[in-house]
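This report describes selected features of one protein model for a reader who is new to structural work. Please keep the sequence and the structure in view while reading.

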Amino acid sequence: TKFHYGVDLSKSGGLAIYAAGKGVVTMVQWNDSYGWFIEIDHGNGYKTRYAHLKSHKTCLVSVGDEVDKGQHIATMGTTGLSTGVHLHFEVHENNKRINPADFIGTY
């Protein structure tokens, strides 16, 4: 079994996706695994990714946009390799995926 980086968050809290922190949008694109996804660079080597978005039309940000913590950036979906509506959330430090639970305190 391939290791699953990141955490999957269900739609129980709603379909809106909010930026984890202030930063600059570096990617809004399609990937066969992630489906539609957004990447935000928060500086100091940290980036976050938000995957399986509903569609490119529900992405509320574009590459180069500055976002604030808590800003509504997209809508959950089930694009890419997904079995249901949810958000796949990743944190990258110096281009390596790290455990996002250390940042969100849910696990």
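Where is N44 found? N44 lies in the loop between β4 and β5. The model discussed here is a predicted one.

## Confidence of the model

The average pLDDT of the protein is 90, and 91% of its residues reach a score of at least 70. Among the elements of the protein, strand β6 (residues 66–67) has the highest mean pLDDT, at 98. The lowest mean, 76, belongs to helix α1 (residues 101–104). As a general caution, predicted coordinates should not be read in detail where pLDDT is low.

## Two residues with positive phi

N44 has a phi near 50°, a positive value in a residue other than glycine. Most residues other than glycine have a negative phi. The relative accessibility of N44 is 76%, and N44 therefore counts as exposed, since the cut-off for that class is over 50%.

H52 also has a positive phi, near 70°, and is likewise a residue other than glycine. H52 is placed in strand β5. Is H52 buried or exposed? H52 counts as buried because its relative accessibility is 5%, and the limit for buried residues is under 20%.

## Salt bridges

How many salt bridges are counted? The count comes to three. In general terms, side chains of opposite charge can pair when their charged atoms come close.

E39 takes part in a salt bridge with R49, in which the closest N and O atoms are 2.7 Å apart. This pair links distant parts of the chain: E39 belongs to strand β4 (residues 35–43) and R49 to strand β5 (residues 46–53), and the two residues are 10 residues apart. Both R49 and E39 are buried. For E39, the relative accessibility is 3%.

A salt bridge also joins the side chains of E39 and K47, with an N to O distance of 3.9 Å. K47 counts as partly exposed because its relative accessibility is 22%, and the partly exposed class lies between the limits of 20% and 50%.

The side chains of E90 and R97 form another salt bridge, at 3.8 Å from N to O. E90 has a relative accessible area of 2% and is therefore buried, whereas R97, with a relative accessible area of 40%, is partly exposed. Which residues are joined into one network by salt bridges that share partners? They are E39, K47 and R49.

## The surroundings of T48

T48 lies in strand β5. With a relative accessibility of 5%, T48 counts as buried. The side chain of T48 makes a polar contact with the side chain of H42 at 2.7 Å. The side chain of T48 also makes a polar contact with the side chain of Y50, at 2.8 Å.

When residues up to four places away in sequence are not counted, T48 touches A20, I38, E39, I40, H42, F89, E90 and V91. Two residues in this list, E39 and E90, have already appeared as salt-bridge partners: E39 with K47, and E90 with R97.

## W30, W36 and T79

The count of aromatic pairs comes to three. One of them is formed by W30 and W36, whose rings are 5.9 Å apart from centre to centre. The angle between their planes is 70°, and the pair is therefore edge-to-face, an arrangement that requires an angle over 60 degrees. W30 is partly exposed, with a relative accessible area of 42%. W36 is also partly exposed, with a relative accessible area of 21%.

T79 is located in the loop between β7 (72–75) and β8 (86–93). T79 counts as buried because its relative accessibility is 14%. A polar atom of the T79 side chain lies 3.0 Å from the backbone nitrogen of W36. Which residues is T79 in contact with, leaving aside its neighbours within four places in sequence? The contacts are W30, S33, Y34, G35, W36, H52, L53 and K54. T79 is thus in contact with W30 and W36, the two residues of the edge-to-face pair, and with H52, for which a positive phi was noted above.

How values were computed: Residues are numbered from 1 along each chain as its sequence is written. This is a predicted model: local features need pLDDT of at least 70, side-chain atom pairs count only at pLDDT 80 or more; totals for chains, interfaces and linings use all residues. Side-chain values use heavy atoms; hydrogens and water are left out. A salt bridge is a side-chain nitrogen of Lys or Arg within 4 Å of a carboxyl oxygen of Asp or Glu. Buried means under 20% relative accessible area, exposed over 50%, partly exposed in between (1.4 Å probe, protein chains only). Helices (H or I, at least four residues) and strands (E, at least two) are DSSP runs, numbered from the N terminus. pLDDT is the predictor's confidence in each residue, from 0 to 100. Rings of Phe, Tyr and Trp (its six-membered ring) pair if their centres lie within 6.5 Å; planes under 30 degrees apart count as stacked, over 60 as edge-to-face and the rest as tilted. A polar contact is a pair of N or O atoms within 3.5 Å; within protein, one must be able to donate a hydrogen and the other to accept it, and residues adjacent in sequence count only if both atoms are side-chain atoms. Contact means heavy atoms within 4.5 Å.
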